[in-house]
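Colleague: Please take one part of this model, the aromatic side chains, and go through it closely. After that, show me how the surroundings fit in, in terms a first-year student can follow.

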Amino acid sequence: MPARKFIIINCIAIALVAASFLVKAENILTLEAALATALQNNPNLARIKAAAEALAAVPSQVGTLPDPVIGFNVMNLPVDHFDTRKEPMAQIGFGISQAIPFPGKLALREQAATYEAQAAAYNEDEWRLSLLSDVKTVWWQLFYLDRLLEITDNNRILLQQLVDIAGTKYEVGEGLQQDVLLAQLELSKLLDRKIKIDGMRANAAASLNALLDRPSNDAVQLPTKVPLQLPDIYDDQTLYRLAESNRPLLASERERINAARSKLDLAKKEILPDFNVNAAYGARDNTPDGTRRSDLLSFGISMNVPIFYAQKQAQGVSQSSSELMRERYALQDQWNGVRKQISQAGNDFRQAKKQVLLYETGIIPQAQQTVASMLAGYQVNKVDFLNLIRSQITVYDYEAQYWQAFAEANQALAQLVAATGKEDIYE
């Protein structure tokens, strides 16, 4: 093959390999990409946002005077001849009336609606935090299952090597057939685990796709490596203070208390009368002989009289007082729940972090050294094959527990961020 042709073929091969790597890189769903996609596409979050926007349009509506009413009428029209010139009081009129609530009522209605709109806006922020936490939780579950599949494949290779070693020893008369059968059994059990893990991963991928508003059967490929360093978090008291200042759930409940207080003030004002002001103009025809008749102008004002105060307005005040107390109790209940979430998530993270450190620096290296030592001993007939198999399975279990603890630590961090309402929770 000419050198030039050889170079061209190699360049094409390198380009194809590079292109395949680029395609794979584009399909990898990082945690940051998953979060951005969820914020952009999640329909439930869009629904909450639309509800908040709808409530934001309410205050100006309830704080504005009712529309004026205009009317046209014919008065004192004689029915025997319908001639308005022969009837002095016959007139064609038009008028306008305007309902005017007692001063302060409109402002209180607008104020209450404004607080409720602000509560809805905080509710949107709360849902956003919850969505991000859910995405992180499922993403880390998928990451754990990927690592579990990876170590399952690695252990399958190691067990296959043990099968080969046992088979070789049996063929030369230095081993037992039961060792070969035992190794094959453990290999089959490992394949059974892989089938179950594949099913769990498919379900987790469907959950993540649902949060991202993607078809449930879309393939989800995660990165194989992430930073393994787990941070140090603040103590519970510091996290409580952060939550008190930053958690949208608490801010939303405070706005509901403000709205309930405004509604109570409004209920107390309902005993004060509302007014209706009206004006009318009546046009009259001239007399049959041409004498001019004056047109008529009328003014009026009316108001409601709260004669059923005990049954209506007083009961309204009682209702609003109870609603205010309900919101205050709700805030206290929410605050207790937030502190519980913080403490539980913090405890889960600290425990998982300790486990990760223990597996990483102690248990797994020691277990791997044990397997290596027992393998060397088995090859010279100083170690029982069953113990060798058990030690290898133990390494598999410890590696699985390591990645599980690592994923649980990151899931606890996600819950902790959602519980405090703030990303910066690290020392």
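**A close look at the aromatic side chains**

Modeller: Tyr-402 and Trp-403 are both buried. The model is a predicted one, and these two residues are a convenient place to start. Buried here means a relative accessible area under 20%. Tyr-402 and Trp-403 belong to one aromatic cluster, whose other members are Trp-139, Trp-140, Phe-143 and Phe-406. One ring of this cluster also has a charged neighbour: the charged end of Arg-147 sits over the ring of Phe-143, at 4.7 Å from the ring centre.

The structure as a whole contains 13 aromatic pairs. One of them joins Phe-94 and Tyr-281, with ring centres 5.9 Å apart and planes at 40 degrees to each other. Planes under 30 degrees apart would count as stacked and planes over 60 as edge-to-face, so an angle of 40 degrees makes this pair tilted. Phe-94 belongs to strand β2 (residues 91–100) and Tyr-281 to strand β3 (residues 275–283), so their pairing ties together parts that are 187 residues apart in sequence. Phe-94 has a relative accessible area of 45%, so it is partly exposed. Tyr-281 is partly exposed too, at 34% relative accessibility. Now return to Tyr-402 and Trp-403, which make an edge-to-face pair with 4.9 Å between the centres and 75 degrees between the planes. Tyr-402 and Trp-403 are buried, whereas Phe-94 and Tyr-281 are partly exposed.

The next topic is the open space around these side chains. The largest pocket holds about 420 Å³ of space. It is lined by 21 residues, and those closest to its centre are Leu-31, Glu-32, Trp-140, Asn-410 and Leu-413. Trp-140 has already appeared as a member of the aromatic cluster. Helices α2 (31–41), α5 and α10 are the elements that each give two or more residues to this lining. The biggest share comes from α10, which provides five residues. Sorted by class, the lining consists of 14 nonpolar, three polar and four charged residues.

The second largest pocket holds about 190 Å³. Its lining has 14 residues, and Leu-158, Gln-161, Val-371, Leu-375 and Gln-392 lie nearest its centre. At least two lining residues come from each of α5, α9 (313–379) and α10. Here α5 gives the most, with six residues. The classes are eight nonpolar, five polar and one charged.

Next comes enclosed space. A search of the whole structure finds one cavity of 30 Å³ or more. The volume of this largest cavity is about 40 Å³. Its lining is made by Leu-129, Leu-132, Ser-133, Lys-136, Ala-414, Val-417, Ala-418 and Glu-423. Two elements, α5 (105–171) and α10 (385–420), each contribute two or more of these residues. Helix α5 contributes the most, with four residues. Five residues of the lining are nonpolar, one is polar and two are charged. Helices α5 and α10 therefore recur: they help to line the largest cavity, the largest pocket and the second largest pocket.

Two local details lie elsewhere in the chain. Asp-213 is in the loop between α6 (177–211) and α7. Its phi angle is near 60 degrees, a positive value in a residue other than glycine. Asp-213 has a relative accessible area of 48%, so it counts as partly exposed. At the start of α7, a side-chain oxygen of Asp-235 comes to within 3.1 Å of the backbone nitrogen of Gln-237. Within helix α7 (residues 236–246), the buried residues are Asp-236, Thr-238, Leu-239, Tyr-240, Leu-242 and Ala-243.

Last, the overall setting. The chain has 10 helices and four strands. Read along the sequence, they follow the pattern α-α-α-α-β-β-α-α-α-α-β-β-α-α. Of the 427 residues in the chain, 35% are buried, and Tyr-402 and Trp-403 are among the buried ones.

Terms used. Residues are numbered from 1 along each chain as its sequence is written. This is a predicted model: local features need pLDDT of at least 70, side-chain atom pairs count only at pLDDT 80 or more; totals for chains, interfaces and linings use all residues. Side-chain values use heavy atoms; hydrogens and water are left out. On a 1 Å grid over the protein atoms alone, a cavity is a set of points where a 1.4 Å probe fits but cannot get out, and a pocket is an open set with protein on both sides within 12 Å along at least five of seven lines; lining residues have an atom within 4 Å of a point. Grid points are joined across faces, edges and corners, and a volume is the space filled by probe spheres set on the points. Ala, Val, Leu, Ile, Met, Phe, Trp, Tyr, Cys and Pro count as nonpolar, Asp, Glu, Lys and Arg as charged, and the others, Gly among them, as polar. Buried means under 20% relative accessible area, exposed over 50%, partly exposed in between (1.4 Å probe, protein chains only). A polar contact is a pair of N or O atoms within 3.5 Å; within protein, one must be able to donate a hydrogen and the other to accept it, and residues adjacent in sequence count only if both atoms are side-chain atoms. Rings of Phe, Tyr and Trp (its six-membered ring) pair if their centres lie within 6.5 Å; planes under 30 degrees apart count as stacked, over 60 as edge-to-face and the rest as tilted. A charge sits over a ring if NZ of Lys or CZ of Arg is within 6 Å of the ring centre and within 35 degrees of the ring normal.
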